[in-house]
Amino acid sequence: MTHDAATNLASAYFDEGCFTRDLAGLVAFETESQNPAQAPELRRYLMEAMKPRLEAAGYACEIFDNSDPAGGPLLIAERHEGDDLPTVLTYGHGDVIRAQTDQWREGLHPFRLVEEGDRLYGRGTADNKGQHLINLAALEAVIAARGRLGFNSRVLIEMSEEVGSSGLAEFFEAHKDRLKADVLIASDGPRLQPDRPTMFMGSRGGITFDLVVDLRAGAHHSGNWGGLLADPAMILAQALSTITDARGQLKIAEWRPNSLTPAIREALSGLPIESEAGPDIDADWGEEGLAPAERAYGWNSFAILAMKSGVPEAPVNAISAGARATCQLRYVVGTEPEAVLPSLRRHLDENGFQKVQIVPHERGFFRATRLDPDHPWVAYVKASLIRTGGRKPHILPNLAGSLPNDSFVDILGLPTVWIPHSYRACSQHAPDEHALKSISRDALRLMAGLFWDIGEGNCPR
C-alpha cells in the first residue's frame, strides 16, 4: 500500500457523498454550549457520534465529566500501536455557539445541513464539527490503506470551547499521562486563502471587559437638566478615545507587544490577507508602519464590541443614568496578560476618568501562544502538505483569533501545529455558517497524506 492509496481513499470518502452524509449527522446534534438547556446534547454528541466511530477505528474511548459546572463533558480516545512509536494528539470541539435560528436566511436552518453549490450550510460545519470529521476520516483512510496507522494516536474532543474551554486546563492537569504525546496536530480556524493550505502554531490571546459609567438612579429630562448633570455617555466616549488614537493605534504602553521580531516579520512577509469574499481592509487603520499581516498576526488590537447608553431603539429627551461599552484586547506573545487591566486602570486614572469602572467578563479567554516557525515539526508538516497537495502552505506564527492552545503548550508541553479546514468568510459565529466542499475534499487528502507520512517512521522525535 502507498501514500496515494490513503489519499485516494480520502477522496473517495468525499466523492461518494460519505463526508456530506456524516457531516449532516453531526450538524443535527444541537450542541449549543452557551445554552444551558442543551447540556444533554453535549454528552449525546460524544456518546452517539464520536464514541462509536472511534471505537470502530480501533480506539479505546472514555468520556469524562467536567470538573467545572460551566463546562461540558470530554472524550479521550486512544489507539496504541507500539511503545516505540511516536504519539500524535489531535483535538476537536463538538460544541457550537448559539444557533441564532431566526437570523438565518430563508431555506437554511442551523441544525439541518443544506448543500448549495460549493457550500455546506449548518451550525458547526466550519467550527468545528466539519474540521474534526475531516481529521478522523483521514485517520480512518490511513488505517484502511495500511492496516494500521504506524504511530500511536490520541484524540481529545471537548464540548466547552465556545464557553472558553471551561475546565479544560484542570482536566489536562489531572490527565497528563492520558494525553502525553510528541505533537498536537489539530484543525480549527480559517485558511488565509481558500485554495491554499494554511499552518499556524499558536494563537492570539484575548481579554474581554466592560467599561461602565454609572452616575445616578434614573434618567432626567435633557431640557431641565442639560448642562447641570454629567453625561455618562460623553464621559465614556472620551475615556475610550484615550485608549487609542484616531486610527486605532494603542496608547497604553503595556498593551504594545515586544515580540514582532525580524524573524516573525520575515515569516509574515508577503502573506495574503485580502479576501474576495470578505470586507475590504482599511489601509489607514491600525498600527502605522506595519503590513496588514503584521497587524493581524504580529500585533495587538483593541475593539469596542458593543456600546449602550439610554435606549438606542427609542431615544427620549433625557440624560441617561449610565453608559456601558464591551471591549476586547486581542494580544500576541510578548504581552503580559496580568498587566492588561491594571495598566488600563492606571491609564484611565491618569487621564481623569476615575468614574469609569472596569468590569472583567467572567468567561475566561485563552492565553497567547506561538511556536517557532523553524521548529522541526513545522518543517515536517510543511513538507508533507507539499508532497500531497503540490502547493507550499501559508505559514503563520499564530492565528489572529483565540484557541485553547495554551493548555496544550503550557500544561502538556507540546509543540502544536494547526491546519485549518475553513476559510475567513465562512460566517463562523454568525448566521449562515458554512463549509466549502472544495476545501473539505482538499483537506481530507492533505490530512490523509500527513498521517500516512507520520506512520512511515521519519517524523521528529
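Which residue forms a salt bridge with Arg 345? The legends below answer this and describe further close-up views of the model, which is predicted.

**Figure 1. A salt bridge within helix α10.** Arg 345 pairs with Asp 349 in a salt bridge, and the closest N and O atoms of the two are 3.0 Å apart. Both residues belong to helix α10, which covers residues 340–350. They are four residues apart, about one turn of the helix. Arg 345 is partly exposed, with a relative accessible area of 24%. Asp 349 also counts as partly exposed, at 32% relative accessibility.

**Figure 2. A salt bridge between Asp 442 and Arg 391.** The closest N and O atoms of this pair are 2.7 Å apart. The salt bridge links distant parts of the chain, as its two residues are 51 residues apart. Asp 442 is part of helix α13 (residues 437–455), while Arg 391 sits in the loop between α11 (376–389) and β16 (394–396). With a relative accessibility of 18%, Asp 442 counts as buried, because the cut-off for buried is under 20%. Arg 391, at 24%, counts as partly exposed.

**Figure 3. A network of salt bridges.** Four residues are linked here: Arg 21, Asp 22, Arg 53 and Glu 140. Within this network, the side chains of Arg 21 and Asp 22 meet in a salt bridge with an N to O distance of 2.9 Å. Arg 21 is exposed, with a relative accessible area of 53%, whereas Asp 22 is buried, with a value of 16%. Side chains of opposite charge can pair when their charged atoms come close. In the whole structure, a search finds 26 salt bridges.

**Figure 4. The contact between Arg 79 and Glu 81.** The side chains of these two residues make a polar contact of 2.6 Å. Arg 79 lies in strand β2, which spans residues 74–79. Glu 81 is located in the loop between β2 and β3. Arg 79 is buried, with a relative accessible area of 13%, whereas Glu 81 is partly exposed, with a value of 24%. A second residue, Leu 184, serves as a reference point for Glu 81: their C-alpha atoms are separated by 18 Å. Along the chain, Glu 81 and Leu 184 are 103 residues apart.

**Figure 5. A buried asparagine in helix α4.** Asn 135 belongs to helix α4, formed by residues 129–146. The residue is buried, with a relative accessible area of 1%. The side chain of Asn 135 is joined to the side chain of His 421 by a polar contact of 2.9 Å.

**Figure 6. A cis peptide bond between Asp 127 and Asn 128.** The bond joining these two residues is cis, with an omega of about 10 degrees. Asn 128 is placed in the loop between β5 (119–121) and α4.

**Figure 7. Positive phi at Gln 100 and Ser 427.** Gln 100 is not a glycine, although its phi is positive, at about 55 degrees. The loop that holds Gln 100 runs between β3 (87–93) and β4 (114–116). Gln 100 is partly exposed, with a relative accessible area of 25%. Ser 427, likewise not a glycine, has a positive phi of about 60 degrees. This serine is found in the loop between β18 (422–423) and β19 (434–436). At 25% relative accessibility, Ser 427 counts as partly exposed.

**Figure 8. A negative surface patch.** The patch is formed by Glu 274, Asp 280, Asp 282 and Asp 284. One of these residues, Asp 282, is located in the loop between α8 (262–268) and α9 (292–297). Asp 282 is exposed, with a relative accessible area of 52%; this value qualifies because exposed means over 50%.

How values were computed
Residues numbered from 1 in each chain as written. Predicted model: local features only at pLDDT ≥ 70, side-chain atom pairs only at ≥ 80, totals over all residues. Heavy atoms only, no water. Patch = residues over 30% accessible without salt bridge, like charges linked within 9 Å, V, L, I, M, F, W, Y side chains within 5 Å. Areas by Shrake-Rupley, 256 points an atom, 1.4 Å probe, with all protein chains shown as cover. Lys, Arg positive; Asp, Glu negative; His and termini not counted. Charge placed at Lys NZ, Arg CZ, Asp CG, Glu CD. Buried < 20%, exposed > 50% of the residue type's maximum accessible area, 1.4 Å probe, protein only. Polar contact = N/O pair within 3.5 Å; in protein donor to acceptor, adjacent residues only side chain to side chain.
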